[in-house]
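Reader: Could you walk me through this chain? I would like to start with one helix and then step back to the whole.

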Amino acid sequence: DEALHRAVVARAAGRHGEARRRCEGVLAEARGRRDGELRARAALTLGAELRPGTVDPGLVTALREAQTLLTSTSTRALALACRVEARLAAALQPADDPRVPMAMAEQAIAEARALGDPALLREVLQTAGAALVDYAPRAQSMALWQELHELALAAGDTPRALQALARLGLDHVVLGELAAFEADIERLLELSLELGHPRLRWRALLLESMRAVARGDFERSDRCVVEVQQHASVSDDPALATSLSAHLISRAILMHRDDDVRAAVDHIISMMDDVPHAEILAACIRMSAFARLEDGHATARELGRVRGRMPLACADLRHLGMEACALVATRDEQLAFRAELLPDAALHMVSGHVPMTYEGPVGRVIALLDSSLGDHDSALARLAAARAAASAAHLSAWVAQLDYDLGRALAAASRPAEAHAAFTRALAAAESLSMPGLILRAR
């Protein structure tokens, strides 16, 4: 207990490596004694911080071994087993077959409800819920996040209320409910400031940076990033390091900071410790970056590395793959991807709980595919609608991007005068917002 307490204190102070070493020491002791309860508590302490998008083999092993040693049927043991199952579900996601950890998560939530312990239910909704993010039907998952938020607030469990708000916020963006997202962000910032601990503040700041980038308020985004970087400089939190690196490159692409993008693309793989299929995902990120730079040769090279190895239309890769496919994919691929996207035409894209950036409406990438396929009327109608919506939501950076997209689509439709007008609007906006790459491309 003393060693695990010291691990908790070390993690709270930003010393995650020390916390891990202390937990591993207790795990080794518990293994030698075949003490299932101690091993479970040590494994749960090791995995106390969720790391979206990663699979930690050491944590998975510790949780699995703990499961095999928890054989008592006492209420205390059943609750501990439920916590282990919930955390293992989260630790296994992303999985090649996401349905397996999803089923584990749903079982753990059902068991927590049956045990009737409010604190247990809050913990399990948070941990098991991580296996459902981006995979479960959105109505189901949002109901869980709302439940967690309400239960956490009622119990004064502000850290879990923050987690629930972050999940709700990104889901609200996907549904295009931007006013709800605005409210989520304001509450996140307020609650995280009240807590006063940087460890519980940085995700709210990256989400605020996400909103600021979409609005074209790059100075606000810079301030958020600097604050997160200051915390990262005194913490070895791997989740923070991964999210910050991913946010910076996604942000650079969105802001058309071409020099920053080119400097980062060759080092993407280095930020992907414990990320499944890291090489494929890194190629997708490079493909997205090169497509925004309109480097067709480099985009085609990266597309060749992932073609046939991962479905580019799956939800978590749409923002990375579709613009590249519109630029360089074969006609058959473009037709197939457009067909997969059409049912979700009213939705929006985010880069997920690691980079935390807004990636525009699905209708935009359908329009880019339409334009490449020669369906010019559809492309122009979709882009005009997306631009109008972005303008109404005061998303200035996306208004600039969509004006540029309209210019390219109008040029492809052989309407040069209208294309020139759209490029002129894009250039003026890019100069006003300081989007250097877009300035060069819109001229």
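Reader: Which helices do the buried residues of α7 pack against?

Author: Happy to help! This is a predicted model, in which local features need pLDDT of at least 70, side-chain atom pairs count only at pLDDT 80 or more, and totals for chains, interfaces and linings use all residues. Residues are numbered from 1 along each chain as its sequence is written, and side-chain values use heavy atoms, with hydrogens and water left out. Helices here are DSSP runs of H or I with at least four residues, numbered from the N terminus, and buried means under 20% relative accessible area with a 1.4 Å probe, protein chains only. By contact (heavy atoms within 4.5 Å), the buried residues of α7 pack against α5 (75-91), α6 (99-115), α8 (138-155) and α9 (158-174).

Reader: How many residues of α7 are buried?

Author: Among the buried ones are Leu120, Leu121, Val124 and Leu125, along with Arg122 and Glu123. The helix is largely enclosed by the rest of the structure, because the buried residues number 10 of the 12.

Reader: What distance separates the end C-alpha atoms of α7?

Author: The expected span is 1.5 Å times one less than the number of residues. For the 12 residues of α7 (residues 118-129) that gives 16 Å, and the model agrees, with its end C-alpha atoms apart by 16 Å.

Reader: And what radius of gyration does the chain have?

Author: The radius is taken over C-alpha atoms, and the globule rule is 2.2 Å times the number of residues to the power 0.38. For 443 residues, a compact globule would come near 22 Å, which agrees with the chain's 23 Å.

Terms used. Helix = DSSP H or I, 4+ residues; strand = E, 2+ residues; numbered from the N terminus. Buried < 20%, exposed > 50% of the residue type's maximum accessible area, 1.4 Å probe, protein only.
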